[in-house]
Amino acid sequence: MGTENYTEMWTELGLNLPAHEGLLQTLGKAYADVYLSQKNRPAGMAYLDFVMSEIHGLRIEELVKAKKQGQKVIGTFCLYVPEEIILAANGIAVGLCAGAECGTELVEQILPRNTCALIKSFVGFKLAGVCPYVEACDIVIGETTCDGKTKAYEIFNEYKPTFVLEIPHMKNDSDRRLWRSEIERLTDKLEEVTGNKITADSLRKGVEIVNAKRKAIYRLNRLRAADPAPISGLDCLLINQVQFYDDPVRLTEQINKLCDELETRVAEKTGVAPAGTPRLLVSGCPMAAPNWKLPNIIEKSGAVIVGEESCVGERGTRNLVDLSGATTREKILDRIAGRYLNIDCAVFTPNPERVEHVSEMTRQYKADGVVHYEIQFCTPYTMEGSAVRRAMNKDGIPVLRIETDYSMEDTAQIQTRVHAFLEMLRK
Ligand code: BJ8
C-alpha cells in the first residue's frame, strides 16, 4: 500500500500520520499474505490489486479533487442506504463499515466492550484518525438496524455529522409506508447537503449505474457455479468489498472484463483449485474490508468458497431496481424503496426469505456445506444461525457455525474446526 506523494493530502484531511503509516504497513503485509500468495488467479484481478495498492492514495485523491469541484462525499454504513439516490444528487457514495481492529482502547472508553467488532471498528477508525474515507465525508448516513448501530450513531454524530434513517423491522403495509417516507426524508437531506435537485432523470441515471454494477457482480457470482471454480472466494469477496469504495462505472467495466476471462476459464475447465475440491457457501454477518480472516482460513485449508450470502455479497447485489414504466420522480423513488425493503437482513422479523436464499444459493452454486459467520455480540445473525442450520440440515447440507471477532487470537482454533468440517465433507 503506497505512501508516496500523499502525505500532504493526508495531513490536510487531518489524519494521524504515524498511526496511519502503521495501518498501511499492516494492511500491505496482510494483503500480500492473504491475496498475493494465492495460486492460479485470473489476470483480471490485477485491477483489484492496483486499487488495493492505492486504496488510501489515488482513490482519495479523486475524492478530494471532486470535492474541490463542488461534489459531496456521502458515507454509508449499511446496504439500506440507496446509492442510486446519492448518485442522483451528484454525490459520491463510500461504504465506511470497517473490518479491522482499530483504536480499540479509545473505543472502549465510549462504547461497551461487548459491542460487535464491526461497530467498534468504524468508531475506532474515526477516533484513531486513520481513515481518509471518513475524513473526506461531508456527512454520513446511519440507520436504525441493530441496537448497537442505532445507539453508536448518536455517539458518532459527535465526531462527524450523521443523519439517521429509520429502518422498519417488519415488512407490513405500515412499515412500507414508513420506509417510503424515510426515502423522501433522505432525498430532501441529500438535496440540502449537495445543493442539487434530485429529478426523475438524475434518479434514472443513478439507478442505471447501480443496476449495471449489481448485474456485473451477479454475472461474476453465477460463473462460480462451475466446477472447478474459476475464481477464489477471497477474490470475489474483495470485489464485493471494493464496490463500496471505487468509482461504480469504472469498476463495472473491470468486473465485466474479468467475467469475460472467467467464461474462458470455465470453458477450458481452468480453476483456482482442482475439480472436486470441497465447495462452501459462507453466510451471515458482513465482512467489511479488510476482514479476510475466516475466508482465508477456509481457502488455505483446501476448500473453495463459491458464494457469500452476506451484505458484502449476494444479499446486497441480487435485486435490481425495476425502472419499467416508472417515469416520474415519485414512481422511481417508489421502486427504489421497494427494492431496498426486499433486503433480508437479520434485523427483520420474521425473516424467512434469508433462510430460503441460503438454501437456494447452496443449490445454485452446488455447495457441499455452509459456514455460518457470526460476529461475536451480533444478536440478529447469531439468533438466525439456528434457523439456518435447521433448514440446511433438512436439505442434507452440513453447517459449521463460527462465532468470532476481528482479533487473530482464535485463528488456530478456527483452523482446527474448519479442517474437521472439511474432513467430514470428504467422507
Ligand atoms: S443490511 S447486515 S449492512 S445492518 S454485525 S453491526 S447487524 S451487531 S452489519 Fe448490516 Fe445493514 Fe443488516 Fe447488512 Fe449489528 Fe450484527 Fe454488528 Fe451488523
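User: Are F122 and Y153 buried or exposed?

Analyst: In this predicted model, F122 and Y153 are both buried. The term rests on relative accessible area, and a residue counts as buried when that value is under 20%.

User: How is a pair of aromatic rings to be described, and how many such pairs are there in the whole structure?

Analyst: Two quantities describe a pair of aromatic rings: the distance of the centres and the angle of the planes. A search of the whole structure gives 12 aromatic pairs. One of them joins Y31 and W292, with 5.8 Å from centre to centre and 65 degrees between the planes, and it is edge-to-face. An angle over 60 degrees is what places a pair in that class.

User: Where in the chain do Y31 and W292 lie?

Analyst: Y31 belongs to helix α2, whereas W292 is in the loop between β5 (279–284) and α14 (293–300). They are 261 residues apart, and the pair thus links distant parts of the chain. Y31 has a relative accessibility of 4%, so it counts as buried. W292 is also buried, because its relative accessible area is 3%.

User: Why is the pair of F122 and Y153 called stacked?

Analyst: The ring centres of F122 and Y153 are 5.9 Å apart and the planes meet at 20 degrees, so this pair is stacked. Here too distant parts of the chain are linked: F122 is in helix α7 (residues 117–128) and Y153 in helix α9, 31 residues apart. Both rings also belong to one aromatic cluster, formed by F77, F122, Y153 and F156.

User: Which charged residues lie over the face of a ring, for instance that of F348 or Y340?

Analyst: K171 lies over the face of F348, at 4.4 Å from the ring centre. R339 takes such a place over the face of Y340, at 4.6 Å from the ring centre.

User: What is the order of the strands in the open sheet of 4 strands?

Analyst: Strands of a sheet pair through backbone hydrogen bonds, and the pairing is either parallel or antiparallel. In this open sheet the order is β2-β1-β3-β4, and the pairing is parallel. β2 (92–95) and β4 (162–165) are at the edges with a single partner strand each, so one side of each has no neighbour in the sheet. With direction ignored, neighbouring strands of this sheet are turned by 30 degrees against each other on average.

User: How many bridges join β1 and β3, and which helices pack on these strands?

Analyst: β1 (residues 73–76) and β3 (residues 139–143) pair in the parallel sense over 3 bridges. T76 has I141 as its bridge partner in β3. Helix α9 (residues 147–156) lies across β3 and β4, at about 155 degrees to β3. Helix α10 (residues 173–194) packs on the sheet and touches β1, β3 and β4, with its direction at about 160 degrees to that of β4.

User: What does the side chain of Q38 contact?

Analyst: A polar contact of 2.7 Å joins the side chain of Q38 to the side chain of S232. Q38 is located in the loop between α2 (17–36) and α3 (45–53). Its relative accessibility is 15%, so Q38 counts as buried. Apart from neighbours within four places in sequence, Q38 is in contact with S232, L234, D235, E299 and K300.

User: How exposed is K67, and which residue shares a polar contact with it?

Analyst: K67 is part of helix α4 (residues 58–68). At 27% relative accessibility, K67 is classed as partly exposed. The side chains of K67 and D138 are joined by a polar contact of 3.1 Å. With neighbours within four places in sequence left aside, the contacts of K67 are V73, A136, C137 and D138.

User: Where are there cis peptide bonds or positive phi values?

Analyst: Most peptide bonds are trans, and most residues other than glycine have a negative phi. A cis peptide bond joins D227 and P228, with omega about 5 degrees, and P228 is in the loop between α11 (200–223) and α12 (233–242). The bond from A289 to P290 is cis as well, with omega near -5 degrees, and P290 lies in the loop between β5 and α14. K269 has a positive phi, near 55 degrees, and is located in the loop between α13 (248–267) and β5. K269 is exposed, with a relative accessible area of 62%. F377 also has a positive phi, near 75 degrees; F377 is partly exposed, at 42% relative accessible area.

Definitions and conventions: Residues numbered from 1 in each chain as written. Predicted model: local features only at pLDDT ≥ 70, side-chain atom pairs only at ≥ 80, totals over all residues. Heavy atoms only, no water. Helix = DSSP H or I, 4+ residues; strand = E, 2+ residues; numbered from the N terminus. Buried < 20%, exposed > 50% of the residue type's maximum accessible area, 1.4 Å probe, protein only. Polar contact = N/O pair within 3.5 Å; in protein donor to acceptor, adjacent residues only side chain to side chain. Contact = heavy atoms within 4.5 Å. Pairing = 2+ DSSP bridges. Axes fitted to C-alpha atoms, helices over the stretch in contact; angles between N-to-C directions. Phe/Tyr/Trp six-rings, centres within 6.5 Å; stacked < 30°, edge-to-face > 60°. Lys NZ or Arg CZ within 6 Å of the ring centre and 35° of its normal.
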